[in-house]
Each structure stands twice: as structure tokens, then as C-alpha cells.
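Q: Please take a close look at one helix in this model. I would like to know what surrounds it and what it contributes to.

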Amino acid sequence: ERSDERLDSTKRFIASIETLASDNPLALVGVLYVNEGATNGNKIVAMRIRESLGLDHSIPLGYLDPHGAEQRKRWMAFRGQLDALEMSDAEKRQCVDAARATFQLFMDLSAELSSGPAASAS
């Protein structure tokens, strides 16, 4: 039987999403905002990776560039959907709080990946 090999930061991230899903599902909009917004910056990272490896710009890089040439169109559609949501000021604050927590959870995960056993083994 396999042990749970997830990083502590991953476990916290999953727990955070599960808590929001059960206690305040609307706040998941904040998590989605961070995830979808990251595709904007990741598009630049993907471009740099392609350039440094000499890859054709049409080569998809999955997570880093999931929307490809449709990135701007998808981002603008997502923003339009957000703008169309009818939320109270308190609900908007809850979404912003969830987005801030999600940014922190991503940073925690990145830090743990950088300093964990896999990083020190190389």
C-alpha cells in the first residue's frame, strides 16, 4: 500500500479548496481567478522555454500554455463572465480573500518544491 507522497503544501492546498467547496463555494471564483490568470504569465514563460530549447512556437506546452493562440480571447471572455456575476460586497471580499490565499498556497508549494528532498537530491 502506498503512503501519501503529497507535499505538505499540496495537502494544505487541497484542504483549502475542499473547505471552500463545502463552506463557501462562491469563493472558489477567487481560486479560479488565480488559476486562469496564471495562464497569462505562463504564456510568457512558455515562450521563453520554447526559445531556449529551439522549439517551434506551435508546440503546445500543456499547463504553461493551455489556450495557445486563444489566450487573450479566453482571458477576456473569463473577465466578462466575472464582471457579469452579481455578488454583494461581502461576497466579492470573500473571493478576493480566497484569491490571496491561493496565491500564497502557490508560493508555499513553489518554495517546498525548491527546497524539498527532490531539489536537494540533484
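A: What follows is an account of helix 4 and the parts around it.

The model is predicted. Helix 4 runs over residues 89-115. It has 27 residues and reaches 39 Å from its first C-alpha to its last, close to the 39 Å expected at 1.5 Å a residue.

The buried side comes next. In helix 4, the buried residues are C95, A98, A99, T102, L105 and L109. These buried residues pack against helix 1 and helix 2.

Two residues of helix 1 show how that helix meets this part of the chain. S9 has its place in helix 1 and is buried, with a relative accessible area of 1%. Leaving aside neighbours within four places in sequence, S9 is in contact with D108, L109 and E112. Of these contacts, L109 is one of the buried residues of helix 4.

The other residue is F13, which forms an aromatic pair with F106. The pair is edge-to-face, with 5.0 Å centre to centre and 75 degrees between the planes; planes over 60 degrees apart count as edge-to-face. F13 lies in helix 1 (residues 8-23) and F106 in helix 4, so the pair ties together parts that are 93 residues apart in sequence. F13 counts as buried because its relative accessibility is 12%, under the 20% limit. F106, at 27% relative accessibility, counts as partly exposed. The model has three aromatic pairs. Ring pairs also link Y33, W75 and F78 into a cluster.

Helix 4 also takes part in the largest pocket. About 260 Å³ of space lies in that pocket. Its lining consists of V29, G30, Y33, R79, L82, D83, L85, M87, K92, C95, V96 and A99. Helix 2 (28-53), helix 3 (71-84) and helix 4 each supply at least two residues of the lining, and the largest share, four residues, comes from helix 4. By character, the lining residues divide into eight nonpolar, one polar and three charged.

Some residues appear in more than one of these settings. C95 and A99 line the largest pocket and are also among the buried residues of helix 4. Y33 is another lining residue, and ring pairs link Y33 with W75 and F78.

In short, the buried residues of helix 4 pack against helix 1 and helix 2, F106 pairs with F13, and helix 4 gives the largest share of the lining of the largest pocket.

Technical notes: Residues are numbered from 1 along each chain as its sequence is written. This is a predicted model: local features need pLDDT of at least 70, side-chain atom pairs count only at pLDDT 80 or more; totals for chains, interfaces and linings use all residues. Side-chain values use heavy atoms; hydrogens and water are left out. Rings of Phe, Tyr and Trp (its six-membered ring) pair if their centres lie within 6.5 Å; planes under 30 degrees apart count as stacked, over 60 as edge-to-face and the rest as tilted. Buried means under 20% relative accessible area, exposed over 50%, partly exposed in between (1.4 Å probe, protein chains only). On a 1 Å grid over the protein atoms alone, a cavity is a set of points where a 1.4 Å probe fits but cannot get out, and a pocket is an open set with protein on both sides within 12 Å along at least five of seven lines; lining residues have an atom within 4 Å of a point. Grid points are joined across faces, edges and corners, and a volume is the space filled by probe spheres set on the points. Ala, Val, Leu, Ile, Met, Phe, Trp, Tyr, Cys and Pro count as nonpolar, Asp, Glu, Lys and Arg as charged, and the others, Gly among them, as polar. The expected span of a helix is 1.5 Å times one less than its number of residues. Contact means heavy atoms within 4.5 Å.
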